[in-house]
Amino acid sequence: MIHPLPDAISRVRVAIRRRREFLSVLNSNFVKAVLLKLLEQGYITSFNILNFKKLLIFLKYIFGDTVITGIHNFYRPSALIYLRLFYIHAAVMKSSISFFLNFFFSTPFGILTDAECRMLKTGGCLLLSIN
């Protein structure tokens, strides 16, 4: 069985490389929560529910270039990475390119970015990073 979130991240990566305007991914509540956060952060234009199995994601382009230049999956169901608040802060501050990266976490408060985790003083499971 394929886990929907890593599959969706891989499909987005391929769609960006092929300059697609939209793509379809497997439907799940977890993927919808991540897509809502991506929509809120301005990385995608919108997404629609095609049927109970598929979601349609519309990628965002500015002057012919995608807003998402790189996406990396950290979520593996067999090896989850949990970070406390201190480690989130240390990882973001020590990264030389942290200004351009956005980390997404699954927390008790829902899907949050690294800045929101620091503001709410909570840690969580590292899902993905986008630059």
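This note goes through the nonpolar cores, a surface patch, the cysteines and one buried acidic residue of a predicted model.

1. The largest nonpolar core has 27 residues, and within this set the members that touch the most others are Val-12, Leu-35, Leu-38, Ile-57, Leu-59, Leu-128 and Ile-130. Two or more residues each are given to this core by the helices α1 (4–17) and α2 (29–41), and by the strands β1 (22–26), β2 (44–49), β3 (54–59) and β10 (124–130). Helix α1 supplies the largest share, which amounts to six residues. As a general background, nonpolar side chains in soluble globular proteins tend to be buried together.

2. Ile-57 deserves a separate look, and its contacts are listed here without residues up to four places away in sequence. On that basis Ile-57 touches Val-12, Glu-21, Phe-22, Leu-23, Val-25, Leu-35, Ile-44, Ser-46 and Phe-47. Val-12 and Leu-35, both in this list, are also among the residues that touch the most other members of the largest core.

3. Apart from the largest core lies another one, made of eight residues, which include Ile-88, Leu-112, Cys-117 and Leu-126.

4. On the surface, a nonpolar patch is formed by Phe-109, Met-119 and Leu-120, which together have about 360 Å² of accessible area. Leu-120 belongs to helix α4, which covers residues 114–120. Is Leu-120 buried, exposed or partly exposed? Its relative accessibility is 42%, so Leu-120 counts as partly exposed, given that this class lies between the limits of 20% and 50%.

5. How many disulfides does the structure hold? The count is zero, and Cys-117 accordingly takes part in none, the nearest cysteine sulfur being that of Cys-125, 11 Å away. Seen from the other side, the closest cysteine sulfur to that of Cys-125 is in Cys-117, and because the separation is 11 Å, the two are too far apart for a bond, the cut-off for a disulfide being 2.5 Å between sulfur atoms. Cys-117 is buried, with a relative accessible area of 0%, and Cys-125 is buried as well, with a value of 4%.

6. Asp-7 is the acidic residue to be considered last, and its place is in helix α1. With a relative accessibility of 17%, Asp-7 counts as buried, because the limit for that class is under 20%. When neighbours within four places in sequence are left aside, the residues in contact with Asp-7 are Ile-2 and Leu-26.

Technical notes. Residues numbered from 1 in each chain as written. Predicted model: local features only at pLDDT ≥ 70, side-chain atom pairs only at ≥ 80, totals over all residues. Heavy atoms only, no water. Core = buried A, V, L, I, M, F, W, Y, C linked by side-chain atoms within 4.5 Å. Buried < 20%, exposed > 50% of the residue type's maximum accessible area, 1.4 Å probe, protein only. Helix = DSSP H or I, 4+ residues; strand = E, 2+ residues; numbered from the N terminus. Contact = heavy atoms within 4.5 Å. Patch = residues over 30% accessible without salt bridge, like charges linked within 9 Å, V, L, I, M, F, W, Y side chains within 5 Å. Areas by Shrake-Rupley, 256 points an atom, 1.4 Å probe, with all protein chains shown as cover. Salt bridge = Lys/Arg side-chain N within 4 Å of Asp/Glu carboxyl O.
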